[in-house]
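User: Please take a close look at one helix in this model and at what surrounds it. Short sentences, please.

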Amino acid sequence: MSELVTRRGEGEPRVGVVMGSDSDWPVMSAACDALSEFGIPHEVGVVSAHRMPHAMLDYGAAAAGRGLRVLIAGAGGAAHLPGMLASVTSMPVIGVPVPLKYLDGMDSLLSIAQMPAGVPVATVSVGGARNAGLLAARILGAADDALRARMDGFRAELDAAARAKGDALRE
Ligand code: RP5
């Protein structure tokens with residue numbers, strides 16, 4: 001157990017949800033909510049690339065050995081956290097660009113998306129923490145039939161909800 005993070009859910013954490021600052025939490029909490037909806041145990045904490053670089057690199061390097069299978073990393077501004085974690089682990093890293101007061105999150109988006117060849121980060125939309133959680137669930141579902149079936153059910157719910165909206169327009 002890293003002292004930087006808190007466990008959420010029953011069982012060993014499979015996903016690490018980390019962010020550069022507690023100020024990212026209002027955005028990043030949606031990733032944890034999505035993981036909880038699918039019963040995926042995870043851990044959450046602040047791991048700053050710039051303010052605690054050595055601890056950040058240690059966290060990323062140790063993550064796979066601690067049983068994690070996906071990392072979700074959110075940061076704003078000069079958002080180097082997802083990319084630096086991806087540089088010290090071979091597990092999938094999903095980056096969440098957190099919008100700050102200036103530049104509407106474009107700085108965060110480009111900092112996370114424009115990775116050099118060889119070091120991939122799966123970047124979701126600006127503020128797209130919920131999709132980051134859902135993507136992590138899909139990644140885990142690739143090797144977990146029960147989880148993938150739950151994702152199938154979730155997609156069916158989306159389908160039904162979209163149809164209901166269309167039905168409402170026709171009434
Ligand atoms: C980034 O700097 C963090 O991810 C956060 O989005 C931003 C501002 O951090 P605080 O000054 O609010 O702690 O590293």
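Analyst: A residue is buried if 20 or more other C-beta atoms lie within 10 Å of its own, and exposed if 12 or fewer do. With that cut-off, take helix 1 of this predicted model.

Start with its length. Helix 1 covers residues 25-37, 13 in number. At 1.5 Å a residue it should span 18 Å, and its end C-alpha atoms are indeed 18 Å apart.

Next, burial. V27, M28, A31, C32, A34 and L35 are the buried residues of helix 1. Viewed down the helix axis, these buried residues fall within an arc of 155°, so they line one face. The general rule is that an α-helix has 3.6 residues a turn, so residues three or four places apart point the same way. P26 and D33 sit on the other side of helix 1 and are exposed.

What does the buried face pack against? The buried residues of helix 1 pack against strand 1 (5-8), strand 2 (15-19), strand 3 (42-46), strand 4 (70-76) and strand 5 (93-98). Helix 5 (129-141) is also among the partners.

Now the two ends. After helix 1 comes G39, with a positive phi near 65°. On the other side, the loop between strand 2 and helix 1 holds D24. D24 counts as buried, because 24 C-beta neighbours lie inside 10 Å. Leaving aside neighbours within four places in sequence, D24 contacts M19, G74, A75, G76 and V98.

D24 also belongs to the shell around the ligand. That shell further includes M19, G20, S21, S23, S48 and H50. A75, G76, G77, V98 and L100 are in it too. By type, the shell residues divide into four nonpolar, seven polar and one charged.

The record adds a label here. An unreviewed UniProt entry annotates S21, D24 and R51 as "binding site". R51 lies in the loop between strand 3 and helix 2 (53-63). R51 is exposed, because it has 11 other C-beta atoms within 10 Å.

For contrast, consider helix 6 (residues 145-170). Helix 6 has 26 residues and reaches 38 Å from its first C-alpha to its last, close to the 38 Å expected. Helix 6 is hardly covered: its count of buried residues is zero.

Finally, the wider setting. The unreviewed UniProt entry places "domain: PurE" over residues 13-162. Over residues 13-162 the chain is 46% helix and 17% strand, with end C-alpha atoms 33 Å apart.

Notes:
Residues are numbered from 1 along each chain as its sequence is written. This is a predicted model: local features need pLDDT of at least 70, side-chain atom pairs count only at pLDDT 80 or more; totals for chains, interfaces and linings use all residues. A residue is near a molecule or strand if its C-beta atom, placed from the backbone, lies within 6 Å of it. Ala, Val, Leu, Ile, Met, Phe, Trp, Tyr, Cys and Pro count as nonpolar, Asp, Glu, Lys and Arg as charged, and the others, Gly among them, as polar. Helices (H or I, at least four residues) and strands (E, at least two) are DSSP runs, numbered from the N terminus. The expected span of a helix is 1.5 Å times one less than its number of residues. The arc is that of the directions from the helix axis to the C-beta atoms. Two residues are in contact if their C-beta atoms, placed from the backbone, lie within 7 Å. UniProt positions are given in the numbering used here, feature names are shortened, and annotations may be inferred rather than shown by experiment.
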